[in-house]
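Hi,

Here is the structure I promised to send over. Have a look at it first, and my notes are underneath.

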Amino acid sequence: MGEHREFSGEYVDGMTAYAGIPTFGGFPHIAWQDLVADAADVAVLGVPYDNSAANRPGCRFGPRALRSQAFTPGYHHLSLGVDITEWLSVVDAGDVHCPHGLTDISHTNARLAARRVASSVPFSVFLGGDHSITWPTAAAVAETYGWGEIGLIHFDAHADAATHMDGNLASHATPMRHLLESGALKEGHFEQIGLRGYWPPPEDFEFVASQRGRWFLMEDVRESGIDAVLDSVIDRMVASCSAVYLSVDIDVLDPSHAPGTGTPEPGGMSPIDLLHAVRRIALETPLVALDVMEVSPPFDHADVTVNNAHRVVFETLAALAYKKRHLAGGAPHLPGRSVSVVRHPPTVRLP
Ligand SMILES: [Mn+2]
C-alpha cells in the first residue's frame, strides 16, 4: 500500500522565464502616457506598425514577440561584469497606437509618444515596426536633444534613403532621406554599416554623399574588420555630435541569423559582430536612443530573430550600466579575468 502524502501547504513564490504577464525583459510596465521626468533611466516603447513594408509584412508583431517570445536569461553581462538591474531602472512603456492602414496617424502618434519618452527618461528604446518608424522616432529625439545636433548610426542591409518607393513617401525605404532633408540630421552626422546586395540605385548614394553621410558595405566590414570600421564611425560621431541615435534594422544580420524579417539579404553580419558593435557604440559615444526595427515574427524560426533583436537591446543596456558604474567609480566584477573587454574608456554622457 502506497504512503499517503499531503501537499506542504505553503505557497512558494518566485519567477520563471516562461510565466507571468510578459513585459520587455521582465521590466515593470509604466505606460508612456504616464511617464514623468526621471521615472526611470530607460523606457522601452513598442511601435507596432508595418503598413510601409515593401515586401513581406508582419513586423507589427515585433514588439509583442520581443516581450513574450524572447528568452530573458538574467541581467548579469558576462564580459562586462555588470548587472543591468543594479545600475539601471528600466520600464516597458507599452505600445504606440498604430491603427491599420493609417500611416499619418501612426507616424504622428509615434512621434508624439517618442517625444514623451525621450523628454522623460535619459535613454529611449524603440521597438518596431517597420523602418519607416525611425523617421518619427529619430525626429522626436532630435527635437528633444537639438534639431541638427544628434548623429545617427544605422545598421542595415539597405540604405533607406530613397525619396519614395512605389510612390509611397513614407515607405520603410525612405526614413533616412526624410531625417536628412528635414535637417534633423545635419550634414556629416550620418553613418551606415552593413549595406549589401542590389538596392538602392546609385542616385540614393549620391544623395547620402551630398549630405556628407558615409556608408560601409559588408564588403568593407569583411576586408577591414568590424573594429576598424567602428573606430572610424565612433571617431566622427564623437567629434561632431552631442548625442547619438542608433538604429538597427535586424536585416543587417545574415538571414541565417534573422529569417524573421521582411526584406532578407544574404551576406550579412553575424550576431557576435553586431552585439560587439552595439556595445562599443553604447560605451564610446554619447548614445541617447536605440531602435530595433523590422523584426517580423511570422517569418521567424525558433525565435532566432526575436532573440537576436532582444540581445541588441540587452547589450546596449549592459553597456549603459557599465558606464554608470564606471562614473560612480566602480569596477567590473570579472572573477578569473585580468583583462577588461572594454577597449576605450566610456564617454561621460549617461542615463
Ligand atoms: Mn533593411
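Proline 200 sits in the loop that runs between β7 (190–195) and α6 (202–210). Keep in mind that this is a predicted model, so treat what follows as a description of that prediction. The peptide bond joining tryptophan 199 to proline 200 is cis, with omega at about 5°. There is another cis bond to look at, from glycine 128 to glycine 129, where omega is near 5°. Glycine 129 falls in the loop between β5 (123–128) and α4. For context, most peptide bonds are trans, and most residues other than glycine have a negative phi.

That brings me to a couple of backbone angles. Aspartate 38 has a positive phi, near 60°, although this residue is not a glycine. You'll find aspartate 38 in the segment before β1 (42–47). Is aspartate 38 buried or exposed? It counts as exposed, because aspartate 38 has 10 C-beta neighbours inside 10 Å and the cut-off for exposed is 12 or fewer.

Glutamate 294 also has a positive phi, near 70°, and lies in the loop between β10 (287–293) and α10 (304–327). Its surroundings are another matter: glutamate 294 is buried, with 31 other C-beta atoms within 10 Å, and 20 or more is what it takes to be called buried.

Another loop residue to click on is alanine 173, between β6 (150–155) and α5 (175–181). Alanine 173 is buried too, as 27 other C-beta atoms lie within 10 Å. Which residues does alanine 173 touch, leaving aside its neighbours within four places in sequence? They are Ala54, His158, Asp160, Ala162 and Met165. If you want a feel for distances, try alanine 173 against glutamate 10: they are 163 residues apart in sequence, and their C-alpha atoms are 57 Å apart in space.

Now the whole chain. There are 10 helices and 10 strands. The C-alpha trace spans about 85 × 50 × 40 Å along its principal axes. The radius of gyration is 20 Å, which agrees with the value near 20 Å that a compact globule of 351 residues would have. Buried residues account for 53% of the 351. Looking at contacts between residues at least 6 apart in sequence, 78% join residues at least 24 apart.

Then there is the helix packing. Two packed helices are described by the angle between their axes and the distance between the axes, so that is how I've gone through the pairs.

Start with α3 (residues 103–120) and α4 (residues 134–145). Their axes come within 8 Å and cross at roughly 40°, and the crossing is right-handed. On the α3 side the contact uses His107, Ala110, Arg111, Ala114, Arg115, Ala118 and Ser119, while α4 brings Trp135, Pro136, Thr137, Ala139, Ala140, Val141, Glu143 and Thr144. Sorted by class, the contact of α3 with α4 has 8 nonpolar, 4 polar and 3 charged residues.

Next come α8 (residues 226–240) and α9 (residues 271–284), which pack at an angle of about 25° with their axes 11 Å apart. That angle makes α8 roughly parallel to α9. The crossing of α8 and α9 is right-handed. Ile226, Leu230 and Ile234 of α8 make the contact with Asp273, His276, Ala277, Arg280, Ile281 and Glu284 of α9. The residues in the contact of α8 with α9 split into 5 nonpolar, 1 polar and 3 charged.

Helix α9 also packs against α10, at an angle of about 30° and with the axes 8 Å apart. These two are therefore roughly parallel to each other, since angles under 35 degrees count that way. α9 passes α10 in a right-handed crossing. The α9 residues here are Pro271, Leu274, Leu275, Val278, Arg279, Ala282 and Leu283, and they meet Asn308, Arg311, Val312, Glu315, Thr316, Ala319, Leu320, Tyr322 and Lys323 in α10. By class, the contact of α9 with α10 has 10 nonpolar, 2 polar and 4 charged residues.

Cheers

Note on methods:
Residues are numbered from 1 along each chain as its sequence is written. This is a predicted model: local features need pLDDT of at least 70, side-chain atom pairs count only at pLDDT 80 or more; totals for chains, interfaces and linings use all residues. Axes are lines fitted to C-alpha atoms, for helices over the stretch in contact, and angles run from 0 to 180 degrees between N-to-C directions. Helices (H or I, at least four residues) and strands (E, at least two) are DSSP runs, numbered from the N terminus. A crossing is left-handed if the near helix is turned anticlockwise from the far one by less than a right angle, and right-handed if clockwise. Two residues are in contact if their C-beta atoms, placed from the backbone, lie within 7 Å. Ala, Val, Leu, Ile, Met, Phe, Trp, Tyr, Cys and Pro count as nonpolar, Asp, Glu, Lys and Arg as charged, and the others, Gly among them, as polar. The radius of gyration is taken over C-alpha atoms; the globule rule is 2.2 Å times the number of residues to the power 0.38. Angles under 35 degrees count as roughly parallel, over 145 as roughly antiparallel, 65 to 115 as roughly perpendicular and the rest as oblique.
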